[in-house]
Every structure is written in structure tokens, then in C-alpha cells.
Amino acid sequence: MAYTTFNGPVTSLNGFIGGPNTNAHTGTADTQQGGTTPFSATNTSTLTNGTDTLLASSNKGVLIYVNLGANATTSTYAFSNGTDWLQVNDPTVKVNIA
């Protein structure tokens, strides 16, 4: 499996993997997406996996799996609009703070 960073649009014919990735790259070129620990929201503009932090302001357009991001029992995919992390299933709703 290759580990590649893309700049620009990416087309997938077989889907994208989200959430904890047991085969995550751990080298210095890791983009923090993936990993073995899911990200959770500490507030609506900040996600953390306990080690790394992803700010909505510096990750506009990024799509990521958020543990318990929909509510206290349901995880979801979220994207950054440059200000907050919003739920993909309902883009008017910010991520749940775990």
C-alpha cells in the first residue's frame, strides 16, 4: 500500500477509507489523516486524537471521520468550512463535542 499526499482534487473509484486505520503510516510524512486513533471534537472548530490537533481554520475542505461526532452515541464524517467542522449528513449542523 502506498502513502501519498495529494494537492488538488482526488477521484476515487472504490471509496475512501475513514476512521482508525490499523495500517496507518507512522513516518515523518504522515498527514495526520488516518492513524490508529479516531479524532474527536474538543469544540466545533478543533478535532484531536489525543496527540494531534486539526483546526478547521487551517484544514478547509478536509473530510474526516469523527468519533461520536453526530451525537453522544454516533460517529460521523465531517468537513471543514474554514471555521467549523460540519457533519456531512447535515452540513448545517456542527460536530458534536464528545
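The exercises below deal with an aromatic pair and the sheet around it in a predicted model.

**Exercise 1.** Classify the geometry of the aromatic pair formed by tyrosine 65 and tyrosine 77.

Solution.
- A search of the whole structure returns one aromatic pair.
- The ring centres of tyrosine 65 and tyrosine 77 are 5.7 Å apart, and the ring planes meet at 75°.
- Centres must lie within 6.5 Å for rings to pair, and planes over 60 degrees apart count as edge-to-face.
- The pair is therefore edge-to-face.

**Exercise 2.** Determine which strands hold the two rings, and how these strands are paired.

Solution.
- Tyrosine 65 belongs to strand S4 (residues 63-66), and tyrosine 77 to strand S5 (residues 76-80).
- The pair therefore ties together parts 12 residues apart in sequence.
- S4 and S5 run antiparallel and are joined by four bridges.
- Within this pairing, tyrosine 65 stands opposite tyrosine 77.

**Exercise 3.** Place S4 in its sheet.

Solution.
- The sheet is open, with four strands in the order S4-S5-S6-S7 and antiparallel pairing.
- S4 is an edge strand, as is strand S7 (90-94); each pairs on one side only.
- From one strand to the next, the twist averages 45°.

**Exercise 4.** Assign tyrosine 65 and tyrosine 77 to an accessibility class.

Solution.
- Partly exposed covers the range between buried, under 20% relative accessible area, and exposed, over 50%.
- Tyrosine 65 has a relative accessibility of 23%, so tyrosine 65 counts as partly exposed.
- Tyrosine 77, with a relative accessible area of 35%, is partly exposed.

How values were computed
Residues are numbered from 1 along each chain as its sequence is written. This is a predicted model: local features need pLDDT of at least 70, side-chain atom pairs count only at pLDDT 80 or more; totals for chains, interfaces and linings use all residues. Side-chain values use heavy atoms; hydrogens and water are left out. Rings of Phe, Tyr and Trp (its six-membered ring) pair if their centres lie within 6.5 Å; planes under 30 degrees apart count as stacked, over 60 as edge-to-face and the rest as tilted. Helices (H or I, at least four residues) and strands (E, at least two) are DSSP runs, numbered from the N terminus. Buried means under 20% relative accessible area, exposed over 50%, partly exposed in between (1.4 Å probe, protein chains only). Two strands pair if DSSP finds at least two bridges between them. Axes are lines fitted to C-alpha atoms, for helices over the stretch in contact, and angles run from 0 to 180 degrees between N-to-C directions.
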